[in-house]
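Trainee: I have the sequence and the model open and would like a close look at one stretch of strand and the partners around it. Could you walk me through it slowly, and then show me how the loops nearby in your account compare in exposure?

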Amino acid sequence: MGYVSASNTPTIVLGGIVVDYLVIAGGGGGGRKGGGGGAGGYRNSVSGENSGGNSTAQKPLQVFENTNYSIVVGAGGAGSSDILVRGTTGSDSEFEFILSNGGGGGGSDTALVRDGMNLNGGSGGGAAGGGYGTGTGGTAKANQGSNGASNTPSGDFPGGGGGGATAAGATNGNGGNGLSSSITGSAVTRGGGGGGGKDTGSASTGGSGGGGAGGVGAGNGTAGTANLGGGGGAGGNTGNGAAGGSGVVILRYADTLTITIGAGLTGTESAASGGYKRATITAGSGNVSWS
């Protein structure tokens, strides 16, 4: 297999099939009295669109008929219900060797776990913990997402917002926004960061594209949206963090082809439109092939 140049039309090259992809990992979970979870890593090969962190589109993948290619769809990370524990980093998603890293978990309001996490590259890095101490937001993986915000221990005591696919989290607690892609034929925004928790005031918003809102006071965070890879919102002063949203793998290829979605995967193939078919894989781990 090999890489080929991006194209606006379906192409078959040297006996291979050019497949465009959108591979989004699971979002990170929100912290307890803390920071919002970061969005799952966002890798996109559609020409003219952006990949995570506002990087240029990546190269599509050349595959071959009647050959298996691995798919993994990452789950969202768990939110934290304990100020001694951060939100959990989301799980990675993968199309063969195109790997998107799980979003970083949000920090919780204890000194040892106040910083946002960026385990496994923490795409859309998790935000810092909120409350009365200062923490540092998690760092995103290059070309997959944006950094989580540090917290500002004053006013409503917001935790930092989780980073989104296109924008960093905000120190006022709002999650960073996600990115739009039309790989399915319609524009959909995915990969929003989770909102940080607050002691008082108005709830922090999740970033556009499935980021969950933060809780206020005793309020819990809101979960990231399934299959958008959004980060989970953090809990308020005594509230719990929420889970990140699961990721997704979307593949686009010439309409003369048919995909076989193997055991262990949940997915569908669309009808032909505009010269393409699309397969949307929403859960599981397994193989796909084309004929």
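Mentor: Happily; I will begin with the whole chain, go on to one strand and its partners, and finish with a few loop residues.

A word on the ground rules. This is a predicted model, in which local features need pLDDT of at least 70 and side-chain atom pairs count only at pLDDT 80 or more, while totals for chains, interfaces and linings use all residues. Residues are numbered from 1 along each chain as its sequence is written, and side-chain values use heavy atoms, with hydrogens and water left out.

The chain has zero helices and 16 strands (helices are DSSP runs of H or I with at least four residues, strands are runs of E with at least two, and both are numbered from the N terminus). Of its 291 residues, 55% count as buried, where buried means under 20% relative accessible area, exposed means over 50%, and partly exposed lies in between, with a 1.4 Å probe and protein chains only. The chain exposes about 9,700 Å², and carbon and sulfur atoms supply 49% of that area; accessible areas come from the Shrake-Rupley method with a 1.4 Å probe, and for residues only the protein chains shown count as cover. Among contacts with a separation of 6 or more, 53% are between residues 24 or more positions apart (contact means heavy atoms within 4.5 Å).

Now to the strand I would choose, S3. Nine of the nine residues of S3, residues 16-24, are buried, so the strand is largely enclosed by the rest of the structure. Both of its faces are covered. One side carries Gly 16, Val 18, Asp 20, Leu 22 and Ile 24, and the other carries Ile 17, Val 19, Tyr 21 and Val 23.

Which strands does S3 pair with? S7 (residues 61-64) is one partner, antiparallel and joined by four bridges; two strands pair if DSSP finds at least two bridges between them. Within that pairing, Gly 16 has Phe 64 as its bridge partner. S4 (residues 42-44) is another antiparallel partner, with three bridges, and there Leu 22 is matched with Asn 44. S13 also runs antiparallel to S3, over five bridges, and Tyr 21 stands opposite Leu 251.

From S13 you can follow the pairing onward. S13 and S16 are antiparallel over six bridges, with Val 249 facing Ile 281 across that pair. S16 covers residues 276-290 and also joins S8 through four antiparallel bridges, where Ile 71 is partnered by Gly 286. S14 (residues 259-261) adds three antiparallel bridges to S16, including the one that links Ile 261 with Val 288. S15 (residues 265-269) adds five more in the antiparallel sense, and Thr 268 finds its partner in Thr 280. S15 and S16 make a hairpin with six residues between them, and Gly 274 in the turn has a positive phi of about 65°.

Let us turn to the loop that leads into S13. Gly 193 lies between S12 (188-190) and S13 (248-254), and its relative accessible area is 0%, which means that Gly 193 is buried. Beyond its neighbours within four places in sequence, Gly 193 touches a set of residues that includes Gly 37, Ala 39, Gly 162, Gly 175, Gly 206 and Gly 231. Its C-alpha atom is separated by 9.1 Å from that of Ala 213, 20 residues apart along the chain.

Ser 246 belongs to the loop between S12 and S13 as well. Is Ser 246 buried or exposed? Its relative accessible area is 19%, so Ser 246 counts as buried. Leaving aside neighbours within four places in sequence, its contacts include Gly 26, Gly 74, Thr 225 and Asn 227. Asn 227 is found in the loop between S12 and S13 too; at 23% relative accessibility, it counts as partly exposed. Asn 227 has a positive phi of about 65° although it is not a glycine.

Asn 54 is another residue other than glycine with a positive phi, near 60°. Its place is the loop between S5 (50-51) and S6 (55-56), and at 41% relative accessibility Asn 54 counts as partly exposed.
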